[in-house]
Amino acid sequence: MLEVTCGGIEEHDGSHWIGEEDLEKIKRQAAENVISESCSLCKLTAKDADGNIIFVKEGC
C-alpha cells in the first residue's frame, strides 16, 4: 500500500496498492534523488499487506 500525504501547492492525499516493481522504482528514484526534495510537507509511505511500514520518503 502506497500512502501519499501532500499539503503543498496541490492536495494529493490518498492510498493505493502498488506492486513490487513500482516499489523498487520509487526506492531507486529516492536513492538517486530523482524525486524532488523541495516539498518538506509531502511524504510517501509504503506498507506491506500486514500494515508494516517498509519504506518512507519525506519530501516527495
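# A guided tour of a predicted β-β-α-β-β chain

Begin with strand β1, residues 2–5, and strand β2, residues 14–16: these two strands run antiparallel and are joined by three bridges. The model on the screen is a predicted one. Within this pair of strands, select E3 and look across to β2, where S15 stands opposite.

**The whole chain**

Now display the entire protein chain as a cartoon. One helix and four strands can be found in the chain, and along the sequence they follow the pattern β-β-α-β-β. The chain has 60 residues, of which 25% are buried. If a surface is drawn, the exposed area comes to about 4,200 Å², with carbon and sulfur atoms supplying 49% of it. Of the contacts with a separation of 6 or more, 37% are between residues 24 or more positions apart.

**Strand β1 and its two faces**

Return to β1 and show its side chains. Which of them are buried? L2 and V4 are buried and point to one face of the strand. E3 and T5 point to the other face and are not buried.

**S15, in strand β2**

Next, select S15, which lies in strand β2. Is this residue buried, partly exposed or exposed? The relative accessible area of S15 is 47%. Because buried means under 20% and exposed means over 50%, S15 counts as partly exposed. Leaving aside residues up to four places away in sequence, S15 touches M1, L2 and E3. Then add A46 to the selection: S15 and A46 are 31 residues apart in sequence, and their C-alpha atoms are 9.3 Å apart in space.

**Strand β3 beside β1**

Move to strand β3, residues 43–47. How many bridges join β1 to β3? Four bridges do so, and the two strands run antiparallel. Two of the partnerships can be selected in turn. L2 has A46 as its bridge partner in β3, and T5 has K43.

While β3 is on display, select T45, which is found in this strand. T45 counts as buried, with a relative accessibility of 8%. Its contacts, not counting residues up to four places away in sequence, are with M1, L2, E3, I53, F55 and V56.

**The hairpin of β3 and β4**

Add strand β4, residues 53–58. Five bridges join β3 to β4, and these strands also run antiparallel. K43 stands opposite E58 in β4, while the bridge partner of L44 in β4 is K57. Together β3 and β4 form a hairpin, with five residues between the two strands. Select G51 in the turn: its phi is positive, at about 90 degrees.

**Helix α1**

Now select helix α1, residues 20–31. The helix has twelve residues and reaches 16 Å from its first C-alpha to its last, close to the 16 Å expected at 1.5 Å a residue.

Where do the buried residues of this helix lie? Colour L23, I26 and A30, which are buried in α1. Turn the view to look down the axis of α1: the buried residues fall within an arc of 60 degrees, so they line one face of the helix. These buried residues pack against β1, β3 and β4. On the face turned away from the buried side, select E20, E21 and A31, which are exposed. After α1 comes N33, whose phi is positive, near 60 degrees.

**The nonpolar core**

For the last stop, show the side chains of L2, V4, L23, I26, A30, L44, A46 and F55 together. These eight residues make up the largest nonpolar core. At least two residues of this core come from each of β1, α1 and β3. Which element gives the most to the core? Helix α1 does, with three residues.

Several earlier stops meet again here. L2 and V4 belong to the core, and they are the side chains that point to the buried face of β1. A46 is also in the core, and it is the bridge partner of L2 in β3. L23, I26 and A30 belong to the core as well, and they are buried in α1.

Methods. Residues are numbered from 1 along each chain as its sequence is written. This is a predicted model: local features need pLDDT of at least 70, side-chain atom pairs count only at pLDDT 80 or more; totals for chains, interfaces and linings use all residues. Side-chain values use heavy atoms; hydrogens and water are left out. Buried means under 20% relative accessible area, exposed over 50%, partly exposed in between (1.4 Å probe, protein chains only). Two strands pair if DSSP finds at least two bridges between them. The expected span of a helix is 1.5 Å times one less than its number of residues. The arc is that of the directions from the helix axis to the C-beta atoms. Contact means heavy atoms within 4.5 Å. A nonpolar core is a set of buried Ala, Val, Leu, Ile, Met, Phe, Trp, Tyr and Cys residues joined through side-chain atoms within 4.5 Å. Accessible areas come from the Shrake-Rupley method with a 1.4 Å probe; for residues, only the protein chains shown count as cover.
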